[in-house]
Amino acid sequence: ADEMETRRIAGRIVPAMITTTAIVSALSCIELVKLIHKLPLSDHRNSFINLALPFFAMTAPLPAEEMLGPNGTVHTIWDRIEVKEKRKQVAGGGITLKQLLRKVAKVTESVVNSLSYGPYLIYADFLHEDDEELLSTPIWEVVKSALVSNDDDFEEFRNKDQGSSNQSAEMEAIDSKSYLDFTAVAEDETGLEIELPPLRIIRGCL
């Protein structure tokens, strides 16, 4: 941009920075200090500001909604189940789907019915319960296979070169990630179907 264009943009940014942005930053820092000191939720505040009116209002935040988990337990959107790969599993290519399902079943005392990665269903008990090849595959490879299968399904609707490029980028993204997040649906001992907290697989190191 030339000098005049730069002045025009900066001229609009500076007033915003010294008014609303400054207030929002200060209020955010105040709430962060409360969080660091582990103050109760009742001491925190939601703030609503409109300098043009002017209007200032503060309200106490509501606690996160609790969702029913297995065996009467509850969880919120801030909770997650974390599974970290062991060195032995990493040496074998990563934690397998069967090992993951067993670990989750042990932690939650429930049986996993389905496991999804984003929009991809990578495991369903009524389809894959006896599929030893899939169950013995590292979870990272299972996710890659799901991405490839999805690309193959839609290949005829898009440019082939573009599809290959997108597929390669997705594969590289999976390899570079230090963790993967999954959505799991399970069944407790009473037969009730429940959604578990988000499941995070953390890549281990040798």
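Is K38 buried or exposed? In the predicted model, K38 is exposed, with a relative accessible area of 73%. The residue is placed in the loop that runs between helix α2 (20–36) and strand β1. Its backbone adopts a positive phi of about 55°, although K38 is not a glycine.

A second residue with this backbone feature is E109, which is likewise not a glycine and has a positive phi of about 55°. E109 occupies the loop between α4 (97–108) and β6 (111–117). With a relative accessible area of 56%, E109 is classed as exposed, because that value lies over the 50% cut-off. Most residues other than glycine have a negative phi, and most peptide bonds are trans. With regard to the peptide bond, the link from L53 to P54 is cis, its omega being near -10°. P54 belongs to the loop that separates β1 (46–50) from β2 (55–59).

At the level of the whole chain, the secondary structure of the protein consists of eight helices and 10 strands. The radius of gyration is 24 Å, whereas the globule rule gives 17 Å for 206 residues; the protein is therefore more spread out than a compact globule. Along the principal axes, the C-alpha atoms fill a box of roughly 65 × 50 × 35 Å. Buried residues make up 29% of the 206 residues. The exposed surface of the protein comes to about 14200 Å², of which carbon and sulfur atoms supply 56%. Among contacts with a separation of 6 or more, 54% join residues that are 24 or more positions apart. The protein carries 21 positive and 33 negative charges, and the mean positions of the two sets are 10 Å apart.

The interior was examined next. In soluble globular proteins, nonpolar side chains tend to be buried together. The largest nonpolar core of the model holds 30 residues, and the members that touch the most other members are L100, L115, I122, I139, F182 and L199. The element that gives the most to this core is helix α7 (residues 139–153), with six residues. Apart from residues up to four places away in sequence, L100 touches V83, I95, L115, I139, L199 and I201.

L134 is found in helix α6 (residues 132–135). Its relative accessible area is 17%, so L134 counts as buried, the cut-off being under 20%. Once neighbours within four places in sequence are set aside, the contacts of L134 are with L97, I122, H128 and V142. L134 and N46 are separated by 88 residues in sequence, and their C-alpha atoms by 47 Å in space.

A polar residue, N113, is located in strand β6. N113 counts as buried, at 10% relative accessibility. Not counting residues up to four places away in sequence, N113 touches Y123, A124 and D125, together with V185, A186, E187 and E193.

Two further loop positions were considered. E66 is placed in the loop between β2 and β3 (67–68). This residue is exposed, with a relative accessible area of 57%. When neighbours within four places in sequence are left aside, E66 is in contact with V74, H75 and T76. The C-alpha atoms of E66 and T76 are separated by 4.9 Å, although the two residues are 10 residues apart along the chain.

D79 is situated in the loop between β4 (74–75) and β5 (81–84). Its relative accessibility of 35% makes D79 partly exposed, because this value falls between the 20% and 50% cut-offs. Beyond residues up to four places away in sequence, D79 touches P197 and P198. D79 and E3 are 76 residues apart in sequence, and the distance between them is 50 Å, C-alpha to C-alpha.

Conventions. Residues numbered from 1 in each chain as written. Predicted model: local features only at pLDDT ≥ 70, side-chain atom pairs only at ≥ 80, totals over all residues. Heavy atoms only, no water. Helix = DSSP H or I, 4+ residues; strand = E, 2+ residues; numbered from the N terminus. Rg over C-alpha atoms; globule rule 2.2 N^0.38 Å. Buried < 20%, exposed > 50% of the residue type's maximum accessible area, 1.4 Å probe, protein only. Contact = heavy atoms within 4.5 Å. Areas by Shrake-Rupley, 256 points an atom, 1.4 Å probe, with all protein chains shown as cover. Lys, Arg positive; Asp, Glu negative; His and termini not counted. Charge placed at Lys NZ, Arg CZ, Asp CG, Glu CD. Core = buried A, V, L, I, M, F, W, Y, C linked by side-chain atoms within 4.5 Å.
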